[in-house]
Amino acid sequence: MQSLRFLCLGILVTFATCSHSKTAKPIEEILWLQSKTPPFHLSKETKQLGLCDDLTQQLMHSIKGVKHTRLVLPQKRINKYIDEGRNVCFPCAIYKRSANKQFLYSLPTAVYPPHNIITTAAKAPQLTSKHGNPINLVGLLADKNFTYGQADARRFSVQINNIIENSLTHSNVSMSWSSDNESGVVMERLKHGSLDYSLDYPFITSHFSKGNQSNIVNLPIAQNKNKLVPIAVGCATNAPNNFASMAIKKINHALKNNILTSEQYKNNQQYWLNEHFGDFNKAYNQYVLNFDSQTNDAPINTADQSQNKEQL
């Protein structure tokens, strides 16, 4: 009986050890996904790194013992890689406190200003006279007199996505199918009158306006006027062998110990975002360096905070 008990115990220990070793299989490679969407990602010819390029570069340098591969893909192909459960991480996803069917999220790496209406200087008075300033997005999207457009694969915060899905009940919508420089294509269509308005971050407009006297302007949205958007690295939850958890553990370690406090990283973020905050340093310290995952989730309501002065 005693020998039988030891035999059973040995089998259980062996089974537990095998199970543990199977789930604890070390990560061999991280595929870093990026698209041709400035200013998140810029070509290698430019001196200034894109918002997500610098982060990816520093993570690849900081995380040792893992092969790092960058894949430049159209946004639809990126979504396919994520859904298929490959060993992929996306450097600039909108942060969620809990994992979902796409991503397990790292610590917040950045905080962005709210999504805005993007339109032309000539069209803006028409939009605000009918739908207010800040713009009532529900009313505008339901208005058949104005043509809304976006890149087909472009997605926003959960709140904005829900408003679009529930309010666009007419056919006066124009999608852009280009897989190259998706944001730039939308900007060109706005300039040439193919669209009346779109949605995106205000720093997108700033990037495409530099040096060419663009007639594109930003208008705040009533439904999210004071809601900042925290950003994080997302790793595919469908990937096998507990990839997402182990990758995020390595990523968080690099973020806390090397990247988020580095002057290089902070200066890159400030270059792109500073003009869209009343006090960028305060926002960065509060929502990135001192982020509290128990009390903050995306989006962050800053109705009473002075650091979120929107640029119109």
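## Strand 5, under cover

In this predicted model, strand 5 (residues 116-120) is mostly covered, with 5 of its 5 residues buried. Its side chains split into two sets: N116, I118 and T120 point one way, while I117 and T119 point the other way, and all are buried. That fits the usual pattern, since side chains in a regular strand alternate between the two faces of the sheet.

## Neighbours in the sheet

What does strand 5 pair with? One partner is strand 8 (residues 197-200), joined to strand 5 by 4 bridges and running antiparallel. Here T119 sits opposite Y197.

Strand 9 (residues 216-219) is also antiparallel to strand 5, and again 4 bridges join the two. In this pairing, T120 has I216 as its bridge partner.

## Two nonpolar cores

Which residues touch the most other members of the largest nonpolar core? Out of 68 residues, they are L59, C89, Y112, Y201, C235 and I251. Helix 9 (residues 243-259) gives the most to this core, putting in 9 residues. There's also a second, separate core of 17 residues, and I117 from strand 5 is in it, along with F156, I160 and I164, among others. As a general matter, nonpolar side chains in soluble globular proteins tend to be buried together.

## A closer look at Y201

Y201 is one of the residues touching the most other members of the largest core. Leaving out residues up to four places away in sequence, Y201 touches F40, I94, Y112, P113, P114, H115, I118, R154, V229 and I231. So strand 5 turns up here too: I118, on that contact list, points the same way from the strand as N116 and T120.

Technical notes
Residues numbered from 1 in each chain as written. Predicted model: local features only at pLDDT ≥ 70, side-chain atom pairs only at ≥ 80, totals over all residues. Heavy atoms only, no water. Buried < 20%, exposed > 50% of the residue type's maximum accessible area, 1.4 Å probe, protein only. Pairing = 2+ DSSP bridges. Core = buried A, V, L, I, M, F, W, Y, C linked by side-chain atoms within 4.5 Å. Contact = heavy atoms within 4.5 Å.
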